[in-house]
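Grab your viewer and work through a few short exercises. Each one sets a task and then walks through a solution.

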Amino acid sequence: MRIPDSEQTILRGISGSPGICIGQAYIVDREGVNVIKRYQISEEMVPAEIDRFKQAVSKAKNDHAKIIDSLDRDLSENLNILEAHMVLFKDKLLYGKTIETITNGKINAEWALRKVSRKVKAMFQQIDDQYLQARVNDIVQVSDKIMANLVGAQDIRISDITQRVVIVAHDLSPADTSQIQLERIKGFVTDLGGKDSHTSIVAKSLNIPAVLGLGRATAIVRNGDILIVDGSSGKLIINPDEDTLFKYEERLTEYEAYRAGLARESHLAAVTKDGVKFELMANIELVEEVVAAKDYGADEIGLFRTEFLYLDLKRYPTEEELLTKYKELVEIMAPRSVTIRTLDINGDKVNPYLHRVEEENPALGLRGVRFCLENQDVFITQLKAIFRAAAFGSIKLLIPMISCVEEILQVKQIINKAIIELELEDKIFNKDIPLGIMIEVPSAVMIADHLADHVDFFSIGTNDLIQYSLAIDRRNRKVAHLYQALNPSVLIMIQLICDIAEKKKIDVVMCGEMAGDPINIPVLMGMGLRKFSMNSVSIPAVKKMIRSLDTKQTQKTLRKIGKMNTVQEILDSILKEYKDILPYGRTEE
Ligand code: PEP
Ligand code: MG
């Protein structure tokens, strides 16, 4: 491999997905839109500037028309939105006013457009009319498209990349990440992104190394630079020197040997040294991941995140489309169970096609079950597809983001409506499936006792539980160091849920990323958890960890760390006690 002349640079970020890769950088830059400069132009330049603006509008309009043409004509909701955008390109408010601002202010087109779109946005937001407020988002999208043409930003689609490269991006959404083609992309690094963000979850499920939250990778890395992505320790090495390259080539070989060893043992049962059996399940985002989940030794699908289908389609799928996917999934898994979680849209899985009102704090907004309760048609369509698929295999129904008893009662009412519709339509379905809720909001922990009376099982979603209880945005790299699974407050909450589930005799599973990290297993085992659902790729390492542990010893560990006040103390104690059995990469640096 060529070693470039430029000096080696090391950037530290957050481990998004473990593993090591070495490859050439490919920069995906979408940030042109945000770096808008203001400059004055002379009187004579005004017509040329207006012309430049008009060309940007025409190009954006043509591109938009192509998108409309490529869409399925039956999807009226989506088409209506896009067709409404078509009119906005030449809307007096945006188009006319921008030309006027260029002329009167003698300023560049980008600045004029930004000024006008901000004004329009502010104006619409003051009007007390939900419909008009929703149109703010349309205006922002249209003006962004024009702006992208003005500043020359390219809209690179990840699925179009043809080389074997390491992607370097300012940010990648979970939807971007799910377009990654394994045979083309070796790994990726981003400036933004935090721990257990959905971007990192998708990277893990693809089994490609990723480092997030690097801050300035896109500013430093140049296309074609040689990169080492150390996803396990969250490090990016740009243009490594010969020694570093050699060291990492060796590590890569070691890591691959370690993974191959794990894979060989993945079919063994997850039984502790003292004979206690564990159930290890897979979290998946796409039906296509099921084969990998089985290969990695998953007993069941413990969490199917259904929102990715909606994100990919960029519209609401029909009941039949959902049924086809769910049926395929349960049939491949049969006789093993599949836990289907209803739509957990918004939060960081936002899609402007589905959600047209901007929220200041999407994680605290109309997310998960809240969105479904507001959009009952969408919810009922999904529930009907789930009950119909349950006629073909074993399904458990899981509701995300429950924060109070009222919500689960409302969900039950809507379930009844869905069942009545299915009966009236004379469709084949199975309504006798377990109903569970995600415990991922602190209020749900505090009232778990009450919630348990209405459901069959709890699924602890630590990704959000940590985010909400520690007040740490899981996407924000600046606070990623504070996002700690082993924080004593998090451990107290998990213990509380386990105790209530035991008292109420209902099942409890943990499906957050915490369950996929072997370092947490002694503590979770000590608390009495026996069911874990995780990214499939994590199953072999967690299984190996379980097979090396003794439940009595983990109970002692728990008692010991229960007296500790800081995460560091807890972490050090676990690292020391379990040094010999922790997996590769967890004990170094
Ligand atoms: C969680 O919050 O822990 C969880 C599993 O759900 P998601 O990561 O999809 O928010
Ligand atoms: Mg969650």
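**Warm-up: two backbone oddities**

M401 is in the loop that runs between β12 (395–399) and α15 (405–424), where helices (H or I, at least four residues) and strands (E, at least two) are DSSP runs, numbered from the N terminus. This is a predicted model, with local features needing pLDDT of at least 70, side-chain atom pairs counting only at pLDDT 80 or more, and totals for chains, interfaces and linings using all residues. Residues are numbered from 1 along each chain as its sequence is written, chains are lettered from A and ligands numbered from 1 in the order in which they are written, and side-chain values use heavy atoms, leaving out hydrogens and water.

**Exercise 1.** Find the phi of M401, then the peptide bond between A334 and P335.

*Solution.* Start with M401: its phi is near 65 degrees, a positive value in a residue other than glycine. Next, go to P335, in the loop between α12 (319–333) and β11 (338–341). The bond joining A334 and P335 is cis, with omega about 5 degrees.

**Exercise 2.** Work out what surrounds ligand 1.

*Solution.* First, pick the residues with a heavy atom within 4 Å of the ligand. You get 17, and the closest are H198, R305, R341, N463 and R474. Then sort that shell by class: 4 nonpolar, 5 polar and 8 charged. (Nonpolar means Ala, Val, Leu, Ile, Met, Phe, Trp, Tyr, Cys and Pro; charged means Asp, Glu, Lys and Arg; the others, Gly among them, are polar.) Finally, map it onto elements: α7 (198–206), β10 (300–305) and α18 (462–470) each supply at least two residues, and α18 gives the most, with 3.

**Exercise 3.** Which polar atoms lie by the oxygen atoms of ligand 1?

*Solution.* Look for N or O pairs within 3.5 Å. A polar side-chain atom of E440 is 2.9 Å from a ligand oxygen. The side chain of D464 also places an N or O atom 2.9 Å from a ligand oxygen, while T462 uses a polar backbone atom, at 3.1 Å. As for cover, the protein takes 100% of the 280 Å² of accessible area that ligand 1 has on its own (Shrake-Rupley method, 1.4 Å probe).

**Exercise 4.** Describe the largest cavity and its lining.

*Solution.* Begin with the space: about 70 Å³, filled by probe spheres set on grid points joined across faces, edges and corners. A cavity here is a set of points on a 1 Å grid over the protein atoms alone where a 1.4 Å probe fits but cannot get out, and lining residues have an atom within 4 Å of a point. Of 14 lining residues, the closest to the centre are R305, R341, M438, E440 and N463. By class, the lining has 3 nonpolar, 4 polar and 7 charged residues. Last step: ligand 1 sits in this cavity, meaning that more than half of its atoms lie within 2 Å of the grid points.

Conventions
A polar contact is a pair of N or O atoms within 3.5 Å; within protein, one must be able to donate a hydrogen and the other to accept it, and residues adjacent in sequence count only if both atoms are side-chain atoms. On a 1 Å grid over the protein atoms alone, a cavity is a set of points where a 1.4 Å probe fits but cannot get out, and a pocket is an open set with protein on both sides within 12 Å along at least five of seven lines; lining residues have an atom within 4 Å of a point.
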